[in-house]
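Hi,

Here is the structure I promised to pass on to you. Have a look at it first, and then read my notes underneath.

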Amino acid sequence: MVIAFLVFDGAIKLAPIQPVTDSLLELGFTPTDALARGLGILLIACTLLYAIPRTSLLGAILVTGYLGGAIAIQVRVGNPLFTHILFSFYLGAFMWAGLLIRNRQARYALFSEQRQT
């Protein structure tokens, strides 16, 4: 579900429709087609890395950075906490939960004890 949402979100930015440009303006950006497309390409690329099993950990890290930026922007414009600011946090939490459930190597990399020799 997270992958589908992120790809959809990136795809609507590729053909910047009116709601996309309106939201960019509300968030304090100059609503250009190039900016919307750049954000869409970035999000889709990071999401595809997350969707591919061999690169899923890298993709999760990159998508987390993207979502962190989204949180910072929502805080900057003073949007509501639970519906706007934390939405990206919720999405990221579901993304990491999905990664840890499906990827044993990611679980090992994040939670194994490192023994010094």
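Below is what turned up on the pocket and on the surface.

Please keep in mind that this is a predicted model.

Let me start with the pocket. The largest one has a volume of about 770 Å³. Its lining is made up of 30 residues, and those nearest the centre are Asp9, Lys13, Leu27, Ala70 and Gln74. If you sort the lining by class, you get 20 nonpolar residues, seven polar ones and three charged ones.

Which helices supply the lining of this pocket? At least two residues each come from α1 (2-14), α2 (18-26), α3 (33-51), α4 (56-77), α5 (81-85) and α6 (87-102). Helix α4 has the largest share of the lining, with seven residues.

Now to the surface. There is a nonpolar patch of about 740 Å², formed by Phe5, Leu81, Phe82, Phe87, Phe89, Tyr90 and Phe94. Both α5 and α6 supply at least two residues of the patch, and the largest share, four residues, belongs to α6.

One patch residue to look at is Phe87, which lies in helix α6. Why can Phe87 count towards a patch? Patch residues need over 30% relative accessible area, and Phe87 passes that cut-off because its relative accessible area is 38%. Phe87 is therefore described as partly exposed.

So, for your own viewing, α5 and α6 are worth colouring in: these helices each supply residues to the lining of the largest pocket and to the nonpolar patch.

Best wishes

Terms used. Residues are numbered from 1 along each chain as its sequence is written. This is a predicted model: local features need pLDDT of at least 70, side-chain atom pairs count only at pLDDT 80 or more; totals for chains, interfaces and linings use all residues. Side-chain values use heavy atoms; hydrogens and water are left out. On a 1 Å grid over the protein atoms alone, a cavity is a set of points where a 1.4 Å probe fits but cannot get out, and a pocket is an open set with protein on both sides within 12 Å along at least five of seven lines; lining residues have an atom within 4 Å of a point. Grid points are joined across faces, edges and corners, and a volume is the space filled by probe spheres set on the points. Ala, Val, Leu, Ile, Met, Phe, Trp, Tyr, Cys and Pro count as nonpolar, Asp, Glu, Lys and Arg as charged, and the others, Gly among them, as polar. Patches are made of residues with over 30% relative accessible area and no salt bridge: like charges are joined within 9 Å, nonpolar side chains (Val, Leu, Ile, Met, Phe, Trp, Tyr) within 5 Å. Accessible areas come from the Shrake-Rupley method with a 1.4 Å probe; for residues, only the protein chains shown count as cover. A salt bridge is a side-chain nitrogen of Lys or Arg within 4 Å of a carboxyl oxygen of Asp or Glu. Buried means under 20% relative accessible area, exposed over 50%, partly exposed in between (1.4 Å probe, protein chains only).
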